[in-house]
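Here are some short exercises to work through with the model open in your viewer. Try each task before reading its solution.

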Amino acid sequence: MDKPELIIDGKRLDGRMPDQLRPIKITSNPIRNAAGSAYIEWGNNKILAAIYGPREALPKHTGNLNRAVVKCRYTMAPFSSIEEHGRPGMNRRAIEISKVTKEVFENVILLDLFPGNEISIFVEVLQSDGGTRAAGITCAAVALAASGIPMRDMPYAVSAGKVGETIILDMNKIEDNYSDADMPVAINPRTKEVTLLQMDGALSRSQVTTALTMIEKAGETITKIQREALLRPYEKVSSKYEASI
Ligand code: CDP
């Protein structure tokens with residue numbers, strides 16, 4: 001397929017402006033058996049995250065007597081894409097995304113509180129359309145918060161990229177395929193620390209600054225959606241309670 005025109009009259013193929021996020025919806029605790037869970041619809045991505053633990057690290061040699069260890073498994077369901085490249089399941093890409101996701105959360109979980117334990121994060125992509133590592137991290141952050149495991153901050157992630165000389169936020173699959181750069185970033189919103197920064201393609205120094213500014217601005221919206229997902233179940237309970245008095 002020839003490279004499609006990704007920006008026409010200042011608008012992207014799905015009608016978004018360059019700095020516009022796709023619609024994001026998050027539900028907390030859809031999975032009963034997990035310590036905490038979340039489901040995210042981010043554009044056409046559909047992703048579940050589930051947390052198990054803290055529980056004794058097994059096999060024992062994987063544990064650490066001074067702190068908890070974080071284990072993470074990111075996988076794409078076999079039916080999650082109509083992609084011609086790559087296989088679903090635990091391939092090299094899934095191992096890489098599992099690793100960077102784990103590192104984001106090692107930075108925020110209060111690991112010292114659970115020596116000898118493991119905290120497992122499962123990220124299952126049910127439907128994919130570009131940006132699944134960012135959406136998975138954003139979703140897993142809500143799942144962790146819903147589990148009650150203490151964290152310093154609630155991370156979010158989103159990517160920015162480049163089409164020609166235009167910096168665009170939150171690329172979907174077709175933009176990801178044909179863009180000139182892709183930079184997924186995870187941020188701890190309270191401290192503004194960057195805990196993931198990957199780069200595919202090339203950006204100039206000033207383009208990186210523009211992209212990070214866009215990402216931080218979008219982060220305010222994403223953080224709000226994450227918090228609302230966590231609060232929603234309690235709002236339902238309190239309105240039922242109010243109705244009963
Ligand atoms: O999903 P993310 O952008 O974090 O990772 P990527 O490796 O840049 O992949 C971009 C997109 O390609 C994914 O979101 C999927 O839609 C698609 N993909 C796929 O369908 N099958 C794969 N094995 C790998 C990627």
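**Exercise 1.** Find the backbone oxygen that the side chain of Ser80 reaches, and decide whether Ser80 is buried or exposed.

*Solution.* Start with the polar contact: in this predicted model, the side chain of Ser80 comes to 2.7 Å from the backbone oxygen of Ala77. Next, place the residue: Ser80 sits in the loop between strand E6 (69–76) and helix H1 (92–106). Then check the accessible area: Ser80 has a relative value of 4%, and the cut-off for buried is under 20%, so Ser80 is buried. Finally, list the contacts beyond four places in sequence: Val125, Leu126, Gln127 and Ser128.

**Exercise 2.** Work out which strand pairs with E6 in the parallel sense, and over how many bridges.

*Solution.* The partner is strand E7 (residues 117–127), and the parallel pairing runs over 8 bridges. For one position to inspect, take Thr75, which stands opposite Glu124 in E7. Now look at burial: 6 of the 8 residues of E6 are buried, so E6 is largely enclosed by the rest of the structure.

**Exercise 3.** Identify the residues that touch the most other members of the largest nonpolar core, then trace the surroundings of Ile121.

*Solution.* The core has 59 residues, and Phe105, Ile109, Ile121, Leu144 and Ile215 touch the most other members. Helix H2 (residues 132–147) supplies the largest share of this core, 9 residues. Setting aside neighbours within four places in sequence, Ile121 contacts residues including Ile51, Val70, Phe105, Ala140 and Leu144. A second, separate core of 6 residues has among its members Ile7, Ile168, Met171 and Tyr178.

Methods:
Residues numbered from 1 in each chain as written. Predicted model: local features only at pLDDT ≥ 70, side-chain atom pairs only at ≥ 80, totals over all residues. Heavy atoms only, no water. Core = buried A, V, L, I, M, F, W, Y, C linked by side-chain atoms within 4.5 Å. Buried < 20%, exposed > 50% of the residue type's maximum accessible area, 1.4 Å probe, protein only. Helix = DSSP H or I, 4+ residues; strand = E, 2+ residues; numbered from the N terminus. Contact = heavy atoms within 4.5 Å. Polar contact = N/O pair within 3.5 Å; in protein donor to acceptor, adjacent residues only side chain to side chain. Pairing = 2+ DSSP bridges.
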